[in-house]
Amino acid sequence: MKKILLTLALTFLLSLFTSVVFAQDPTPSDDEVNAVASQLYCPVCESTPLDVCPTEACRQWRDLIRQQLADGMTEDQIKQYFVDNYGARVLAEPPKQGSYWLFYILPPVIILAGAIILFRSLKAWSKPIAAPASSGAERSEPSKDEYVSKFEEELKKRK
């Protein structure tokens with residue numbers, strides 16, 4: 001009995017000081033791959049993010065991203081690799097340099113200009129239009145329409 005208790009105590013003490021070490025899986029998860037792939041557009045399919053594109057080429061590019069992440073490349077390095085091979089059109093967000101800054105500046109400027117034009121137009125439309133000034137002779141004798149004068153004559157006959 002003493003040997004069994006001693007063996008159990010020794011086993012318990014050894015288990016406290018030892019731990020099982022598991023090797024980490026070097027393959028990045030799908031979430032890590034899709035985090036990078038969502039920032040890129042498919043070079044073959046127009047306006048389709050790389051993470052949702054169903055083509056075989058995109059599957060291969062996602063595998064390439066997985067391999068590059070496993071090799072220790074950063075997101076920026078992977079995006080630069082795709083830009084070097086396929087051009088800046090593969091980026092979901094254009095770079096903020098060169099002529100690409102127009103993509104960031106132009107839409108708010110157009111919206112602001114449209115709002116100003118709309119505001120001025122609504123202001124002009126809501127103003128009452130002033131009647132043109134006429135000479136004194138015309139003011140005393142308003143011009144009558146032929147129909148109105150016949151209507152007035154009929155009313156006088158009925159009285």
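Helices are DSSP runs (H or I, at least four residues), numbered from the N terminus. This is a predicted model: local features need pLDDT of at least 70, side-chain atom pairs count only at pLDDT 80 or more, and totals for chains, interfaces and linings use all residues. Residues are numbered from 1 along each chain as its sequence is written, and side-chain values use heavy atoms, without hydrogens and water.

**Exercise 1.** Work out which residues Arg-59 pairs with in salt bridges.

Solution.
- Apply the cut-off: a side-chain nitrogen of Lys or Arg within 4 Å of a carboxyl oxygen of Asp or Glu.
- Arg-59 meets Glu-56 at 2.3 Å, N to O.
- Those two sit three residues apart in helix α3, so about one helical turn separates them.
- Arg-59 also meets Asp-63, at 2.7 Å. Here the spacing is four residues, again about one turn of helix α3.
- Result: Glu-56, Arg-59 and Asp-63 are linked in a network of salt bridges.

**Exercise 2.** Classify Arg-62 and Arg-59 by accessibility, then look for a salt bridge at Arg-62.

Solution.
- Set the classes by relative accessible area: buried is under 20%, exposed over 50%, partly exposed in between (1.4 Å probe, protein chains only).
- Arg-59, at 37%, is partly exposed.
- Arg-62 lies in helix α3 (residues 56-70) and is buried.
- Arg-62 has no salt bridge; Asp-63, the nearest side chain of opposite charge (Lys and Arg positive, Asp and Glu negative; His and chain ends not counted), is 6.5 Å away.

**Exercise 3.** Locate the salt bridge of Glu-146.

Solution.
- Its partner is Lys-150, with the closest N and O atoms 3.5 Å apart.
- Both lie in helix α7 (residues 146-158).
- Glu-146 is exposed, at 55%.
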